[in-house]
2 protein chains.
Amino acid sequence: MKFEGNLGRIVLPACLIRGHCAVCGARETSVCGSLDDRGLDELSALSQPHEAAPGESLYDEGDSADAYFNVTSGTVRVVKLLRDGRRQVLGFAGRGDFLGLAIKGEFVAGAEAVDRVRYCRLPLGPFRALLERRPALQRRLYQIVADDLAAQQDQLLMLGRKTARERVAFFLFKIAARGAKDAVELPMSRLDIADYLGLTIETVSRTFTQLRKAKIVALPKADRIVVLDPPRLEALAEGGSQN
Amino acid sequence: MKFEGNLGRIVLPACLIRGHCAVCGARETSVCGSLDDRGLDELSALSQPHEAAPGESLYDEGDSADAYFNVTSGTVRVVKLLRDGRRQVLGFAGRGDFLGLAIKGEFVAGAEAVDRVRYCRLPLGPFRALLERRPALQRRLYQIVADDLAAQQDQLLMLGRKTARERVAFFLFKIAARGAKDAVELPMSRLDIADYLGLTIETVSRTFTQLRKAKIVALPKADRIVVLDPPRLEALAEGGSQN
DNA sequence: CGTTATCTTGACGTACATCAAATGTCGTGG
DNA sequence: CCACGACATTTGATGTACGTCAAGATAACG
């Protein structure tokens with residue numbers, strides 16, 4: 001699916017008292033947090049709110065990259081494909097997360113909505129102009145990219161050297177850490193999880209039941225987890241050799 | 001090995017007519033390329049040339065991060081470890097490459113000299129001050145981080161979804177692309193390569209001989225490769241299902 | 001309520017790991 | 001120059017964690 005298909009559909013209310021950015025729920029957690037009211041007005045003027053249905057892509061790998069993206073609600077998966085269909089999910093992005101940073105003229109990975117997603121499209125030209133005028137925003141963006149780099153290095157270690165059990169624990173621990181609540185939603189399918197962890201759906205499923213039987217997590221529903229023993233889950237995720 | 005052990009040993013000639021940066025062989029290929037003569041003088045004033053013997057570490061994972069590093073000659077491996085000794089090599093850095101970008105107060109990975117390495121240490125304080133005064137340098141640095149991010153995403157796909165044969169082809173193709181010469185040196189050991197590709201030394205060795213027998217590469221010596229059939233090597237590296 | 005997609009569980013296969021030995025490479029000293 | 005030892009690499013034999021193939025069990029949806 002070509003990105004152009006989405007361009008016309010401005011769905012969110014785009015004009016409010018101070019512009020939509022001022023009322024955006026993602027403000028505190030995203031780049032926008034580094035901006036004052038005037039900066040927020042300028043951001044509102046250039047950012048384009050959009051919405052994507054489950055499975056729809058925000059952009060595809062190889063599309064010419066003329067914008068950054070900021071997720072305001074829902075979950076996005078970032079994917080790379082091999083010609084024969086093998087797929088690697090590079091990560092999941094949620095509220096406040098910034099997408100499209102790894103560009104070399106074209107996007108080097110695609111972004112697809114897992115569930116219903118709302119996001120803002122930030123055209124590169126105007127956004128870069130704003131960056132020039134707002135050093136705080138620039139520093140924040142640099143920090144985000146550096147953090148992404150560090151997070152990806154954890155993933156490289158995971159994919160290169162961890163067992164299936166450790167990988168699943170790694171995933172669940174990361175997801176649970178975001179939620180901070182007792183029960184956490186898993187909006188993505190087993191296939192998405194498997195492609196994120198470099199495994200198959202069957203192995204993911206089997207490992208889930210292993211962890212359930214070991215009383216480390218509970219899975220009241222297929223898309224819901226409760227971490228029963230956070231220390232053991234973390235130890236497993238970090239490669240603790242304990243079974 | 002603690003990084004502090006290296007701090008005192010300033011080995012390279014540190015004072016020349018325009019400062020050592022002006023005569024540095026890595027200048028064209030590194031961040032320094034974005035600086036004019038005055039900027040180069042300032043960089044010379046703050047950068048600290050060092051040298052490391054094979055196996056010695058420039059810094060370790062977990063060390064408090066107070067500097068960036070710029071490799072001027074030799075090869076560095078960037079590594080992450082699991083408590084039980086499992087190791088993932090995140091990448092190899094050579095002349096002109098920038099290290100220490102993925103920091104969160106501490107280095108999230110270590111850097112070790114593969115062979116004899118010369119590098120410059122750029123203390124964060126002065127370097128960031130220079131960045132403020134040199135927007136071109138800042139843009140260049142941002143571009144480097146974004147490129148690193150994209151390169152790591154290729155690696156995630158490799159580790160998550162490629163076969164041993166495709167991984168080895170991926171590695172050889174990348175190495176050969178740098179060299180651009182007929183025969184390319186492999187300064188790193190089979191263990192380094194294996195830990196980079198998420199494999200064992202035995203599998204790497206076996207796969208080398210497979211590729212040799214398939215006339216895709218030649219290995220006149222263990223640490224030297226010649227790519228005989230670049231298109232096939234690339235096709236393999238990209239997951240082409242052809243044997 | 002059927003119908004269909006998703007998830008789980010089971011039986012079996014395989015790519016790569018592990019264990020072990022042979023071969024090659026290089027530095028050192030006689 | 002050659003003999004020796006230490007270590008890296010290659011090759012071989014065997015094991016196993018995870019993949020593949022194939023049913024069931026659940027859940028989602030009209």
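This passage describes how two protein chains meet each other and two DNA strands in a predicted model. Local features were restricted to pLDDT of at least 70 and side-chain atom pairs to pLDDT 80 or more, while totals for chains, interfaces and linings use all residues. Residues are numbered from 1 along each chain as its sequence is written, chains are lettered from A in the order in which they are written, and side-chain values use heavy atoms, with hydrogens and water left out.

The two protein chains are related by symmetry. A turn of 180° and a shift of 0.0 Å along the axis lay chain B on chain A with an RMSD of 0.0 Å (least-squares superposition on the C-alpha atoms of residues with pLDDT of at least 70 in both copies). That is the relation of a two-fold axis. The same surface serves both copies: 100% of the contact residues of chain B recur in chain A.

At the interface, 45 residues of chain B are in contact with 45 residues of chain A (heavy atoms within 4.5 Å). Interface size is often given as the accessible area lost when the parts come together. Here the buried area is about 4100 Å² (accessible area lost on being put together, 1.4 Å probe, summed over both parts). Carbon and sulfur atoms give 57% of that area. B:Tyr142, B:Leu156 and B:Arg161 supply 19% of the area that chain B buries against chain A, more than any other three residues.

B:Arg161 also takes part in a salt bridge (a side-chain nitrogen of Lys or Arg within 4 Å of a carboxyl oxygen of Asp or Glu). Its partner is A:Asp195, with the closest N and O atoms 2.7 Å apart. Across the interface of chain B and chain A there are 10 salt bridges. Polar contacts link 20 residue pairs between the chains, both residues at pLDDT 80 or more (N or O atoms within 3.5 Å; within protein, one able to donate a hydrogen and the other to accept it, and residues adjacent in sequence counting only if both atoms are side-chain atoms).

Several elements of chain B, including strand S4 (76-81), helix H4 (135-161) and helix H6 (190-197), each supply at least two residues of the side that touches chain A (DSSP runs numbered from the N terminus: helices H or I, at least four residues; strands E, at least two). H4(B) gives the largest share, 19 residues.

DNA strand C is surrounded by 16 residues (a heavy atom within 4 Å of the strand). The closest are A:Arg190, A:Arg206, A:Thr209, B:Ala164 and B:Thr203. Sugar or phosphate holds 67% of the atoms of strand C within 4 Å of the protein; the rest belong to bases. Phosphate oxygens of strand C lie 2.7 Å from a polar side-chain atom of A:Arg190 and 3.1 Å from an N or O atom in the side chain of B:Thr200. H7(A) supplies the largest share of the surface near strand C, 5 residues.

DNA strand D is surrounded by 14 residues, the closest being A:Ala164, A:Thr203, B:Arg190, B:Arg206 and B:Thr209. Sugar and phosphate account for 65% of the atoms of strand D that come within 4 Å of the protein. A polar backbone atom of A:Ala164 is 2.8 Å from a phosphate oxygen of strand D. For the side chain of A:Thr200, an N or O atom is 3.2 Å from a phosphate oxygen of strand D. A:Glu202 reaches a base: a polar side-chain atom lies 2.9 Å from a base nitrogen of strand D. The largest share of the surface near strand D, 4 residues, comes from H7(B).

Technical notes:
Buried area is the accessible area (1.4 Å probe) that two parts lose on being put together, summed over both.
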